[in-house]
Amino acid sequence: MQGDDCSFLTAQVTCVRNGRPDDLYQKWRWQPDTIRCEGVVGKLRGKRLMFVGDSLNRNQWESMVCLVQSAIPDPTKKSLAKNGSLSIFTAKEYKATVEFYWAPFLVESNSDDPTVHSITDRIIMADSISKHGKHWKGVDYLVFNTYIWWMNTPKMKVLKGSFDKGASEYEEIERPIAYEKVLRTWANWVETNVDLKETSVFFSSMSPLHGRSMDWYNPDGIRCAKETMPVLNLTRPLNLGIDSRLFTVAVKVMGSMKTGIGQFLNITTLSAYRKDAHTAVHTIRQGKVLSPEQKANPQTYADCIHWCLPGLPDTWNELLYSRILSSSLRH
């Protein structure tokens, strides 16, 4: 897949269109072997695949949409519709959908507006998930994530009461404790609402940041902006660029769920090597491609969170597809 081949990609992730001069980052691969796009869309025939979470899961959703649509050359047989928090790509001939639902904390929060959510003072309702969860029922493959929106502050503001009833008082809870409360709420929803015979559930681990070039021992770097190669020196310890406490919590919660009801997709370590694959300065800000002046100031403007497409999220989808295949064998 080339970036110009997929009209469904947003400007945020089309790095080549946004002026990135190199493309080697598109060519690195992990095991298993590269996806056969026809096989993916064939496996999704008559099915719904939904990504639920934050903008990193949206990054992966865009990747999957482009992989699926590449097997459908006729533009009249594919479409994309957005309705509030839910975006739906439809492969009409296959009666299949690839969907994304915006819920950056999974539970209800004051950041749930899909377009206006740049809120510094983030507040969650750690026990409230049904408002979102009603949109996830009846889906064949659910892929959840939540991480990057937790990283603003060391403590999370947890509402006492309900937004709908005008509550404004909150308590501040240490990040790992609040994260576990939310994942327990999510796990309870999954165990209560998911029929294992009908639905496969996946939870993606955290996508690493590459904001400090000294993490990969490059004193001449400026965050991820100058990187054109993955980390290749495997003799030194690799800084994963994550809050490892949250990773531990996710593993623990997944391990405590009913047998077989959820699968953990560990994308963290393989992604940590890919310092070269971020959008960096080849992205948009406030709806516009970065200006030459902004691109010349990567310390301020480089996005070392999101990933170029085509690129690393395609590898995440290779892993997901292999899990979907194995899930199908069990059903």
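**Note on the predicted model: sheets, helices and cores**

1. Helix α5, residues 244-256, lies across strands β10 and β11, and its course makes about 160° with β11. The model discussed here is a predicted one, and the points below take up its sheets, its packing helices and its buried residues in turn.

2. The sheet to which β10 and β11 belong has seven strands, is open, and follows the order β2-β3-β4-β1-β7-β10-β11 with mixed pairing. Its edges are taken by β2 (78-83) and β11 (263-265); each has a single partner strand, so one side of each is left without a neighbour in the sheet. Direction ignored, neighbouring strands of this sheet are turned by 20° against each other on average.

3. Strand β1 (residues 48-53) pairs with β4 (residues 96-102) in the parallel sense, over six bridges. Within this pairing, G53 stands opposite W102 of β4. Strand β1 also pairs with β7, again in the parallel sense, here over four bridges; M50 faces L142 of β7 as its opposite residue. As a general point, strands of a sheet pair through backbone hydrogen bonds, either parallel or antiparallel. Strand β1 is mostly covered, with five of its six residues buried.

4. Which strands does helix α2 touch? Helix α2 (residues 55-69) packs on the seven-stranded sheet and touches β1, β2, β3 (86-91), β4, β7 (141-144) and β10 (200-204). The direction of α2 makes about 165° with that of β4.

5. A further open sheet consists of four strands in the order β5-β6-β8-β9, and its pairing is mixed. Strands β5 (108-109) and β9 (170-174) form its edges, each pairing on one side only. Strands β5 and β6 (residues 123-125) run antiparallel and are joined by two bridges; the bridge partner of E108 in β6 is M125. Helix α4 lies across β6, β8 (155-159) and β9, running at about 105° to β9.

6. Helix α4 also matters for the account of the interior. The largest nonpolar core has 85 residues, and V98, F144, W186 and F203 are those with the most contacts inside it. The largest share of this core, eight residues, comes from α4. A second, separate core has six residues, including C224, V281, L290 and A302. In soluble globular proteins, nonpolar side chains tend to be buried together.

7. What surrounds V98, once neighbours within four places in sequence are left aside? The residues in contact with V98 are L44, L49, F51, W61, M64, V65, V68, S87, I88 and F89.

8. L44, one of the contacts of V98, sits in the loop between α1 (37-43) and β1. Is L44 buried or exposed? Its relative accessible area is 3%, so L44 counts as buried, the cut-off for that class being under 20%. Apart from neighbours within four places in sequence, L44 is in contact with L49, V68, A96, V98 and Y141. The C-alpha atoms of L44 and Y94 are separated by 7.6 Å, although these residues are 50 residues apart along the chain.

9. T199 is found in the loop between α4 (175-193) and β10. Its relative accessibility is 7%, and T199 therefore counts as buried. The side chain of T199 reaches the backbone oxygen of V139 at 2.7 Å.

10. S204 belongs to strand β10. With a relative accessible area of 4%, S204 is buried. Not counting residues up to four places away in sequence, S204 touches Q60, V143, F144, N145 and L265. Of these partners, F144 is among the residues with the most contacts inside the largest nonpolar core.

11. On annotation, an unreviewed UniProt entry assigns residues 42-322 to "domain: Trichome birefringence-like C-terminal". In the model, the end C-alpha atoms of residues 42-322 lie 14 Å apart, and the span is 27% helix and 23% strand.

How values were computed
Residues numbered from 1 in each chain as written. Predicted model: local features only at pLDDT ≥ 70, side-chain atom pairs only at ≥ 80, totals over all residues. Heavy atoms only, no water. Pairing = 2+ DSSP bridges. Axes fitted to C-alpha atoms, helices over the stretch in contact; angles between N-to-C directions. Contact = heavy atoms within 4.5 Å. Buried < 20%, exposed > 50% of the residue type's maximum accessible area, 1.4 Å probe, protein only. Polar contact = N/O pair within 3.5 Å; in protein donor to acceptor, adjacent residues only side chain to side chain. Core = buried A, V, L, I, M, F, W, Y, C linked by side-chain atoms within 4.5 Å. UniProt positions renumbered as here; feature names shortened; annotations may be inferred.
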